[in-house]
Amino acid sequence: MINCFRRKKKKYEAHCIGFKENLPESNTVLSLDVENSRYENGPPNRFTRRKSVFAEHYDPEEDEDDDNDKVVYPKSDEQRQQLAESVRNILLFRSLDQEQVQEVLDAMFERKVQTGEVVIHQGDDGDNFYVIQSGIYNIHVNTDQEHEKFVGKYDNTGSFGELALMYNQPRAATIKAATDGSLWAMNRQVFRKIVLKGAFKKRREYETLLEGVPLLQFLNPYERMNLCDALMPKSYKDDETIIKQGEVGDGMYFVESGTVRIVMVNESGEEKEVSKLNKGQYFGELALVTHKPRAASVYSVGDVKLAFLDVQAFERLLGPCMDIMKRNINEYEEQFLKVFGSKTNIGDLR
């Protein structure tokens, strides 16, 4: 999570350096740090332009503000649903748990814009992060002191503005509304508290969780840190299906809290519980190691919180543990033997 922010900072710096030499086609949507510098904390009629935020340093470890001091802008059920759909696929929020996502929805306020309005201006200080609800927004970059070049647009979807808030960098481009539209905005302080501090706390929690997983003792601290940053939270209610036998494996899971039960079905359709797993244990890696469909189904027992590692991150980060996971296949075969009295076709299940 925090490492992801560092990588995005490098991407930001590369954008700033490369604008003159490698401008994209005009119909390309750029992942730029382009945000509003006109309003600080809320709707336009409440706030004035902000100056010189770049000297301000934010360390989530030192932030001891009361997390119960929530910022809430009232919304109708329809607005909340629209906003939830808008933020669902934003990479920046993927590491947040459900409670933190609700904080994001609470803390965002709506800003209406008119055709031709400048939402943010290149070089200004960054105050707000934006999620687009509607409208088309053109991206312009100053290539020298006098000329402004159109380099892309956002068309009724997307988000912008996070990098300057995280790194105290000036805006990398100017954003102008090409049509009337609506934006959801979050101010700098709330953004940092929810996203940066939330990511920091989640990494700490995952570090503690993974320290107790014997499989990962072969990872060095740097490798374990990268693994923490790649994990995504998932929550399940009682008796929900987490993994379905026979499906293609898309990742593995670590149990953060609660209990899951492993169930297998043999050739005759007989279903039996193989085992139960609790905090600190993991599952789902077998299909990733063998490149075969899921060998069993997994169901939640009560409320369950899991840390999910997708298959791409699995292959990238858990290479040092692969031999151990392959040896675990024998253990799974023994479990199957105890439950069903035979290892018949377990290879096919894997």
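Glycine 123 is partly exposed in this predicted model, with a relative accessible area of 44%. That label follows because the value falls between the cut-offs of under 20% for buried and over 50% for exposed. As for its place in the chain, glycine 123 sits in the loop that links β2 (118-120) and β3 (128-134). Once neighbours within four places in sequence are set aside, glycine 123 touches Pro170 and Arg171. Alanine 172 also comes into the picture: its C-alpha atom is 6.5 Å from that of glycine 123, although 49 residues separate the two along the chain.

Now for the sheet that involves β2. It is an open sheet of four strands, running β2-β7-β4-β5, with antiparallel pairing. β2 and β5 (148-155) are the edge strands, so named because each pairs on one side only. On average, and ignoring direction, neighbouring strands here are turned by 30 degrees against each other. The link between β2 and strand β7 (residues 174-177) is antiparallel and rests on two bridges. Valine 118 faces lysine 176 of β7 across this pairing.

How far the predictor trusts its own model varies along the chain. The protein has a mean pLDDT of 76, and 72% of its residues get to 70 or more. Confidence peaks in strand β10 (residues 241-243), at 96, and bottoms out in helix α10 (residues 346-349), where the mean is 41. Residues 8-55 have pLDDT below 50, yet the model gives this stretch 139 contacts beyond near neighbours in sequence. Residues 344-350 also stay under 50, with 21 contacts in the model beyond four places in sequence.

Terms used: Residues numbered from 1 in each chain as written. Predicted model: local features only at pLDDT ≥ 70, side-chain atom pairs only at ≥ 80, totals over all residues. Heavy atoms only, no water. pLDDT = per-residue confidence, 0-100. Contact = heavy atoms within 4.5 Å. Buried < 20%, exposed > 50% of the residue type's maximum accessible area, 1.4 Å probe, protein only. Axes fitted to C-alpha atoms, helices over the stretch in contact; angles between N-to-C directions.
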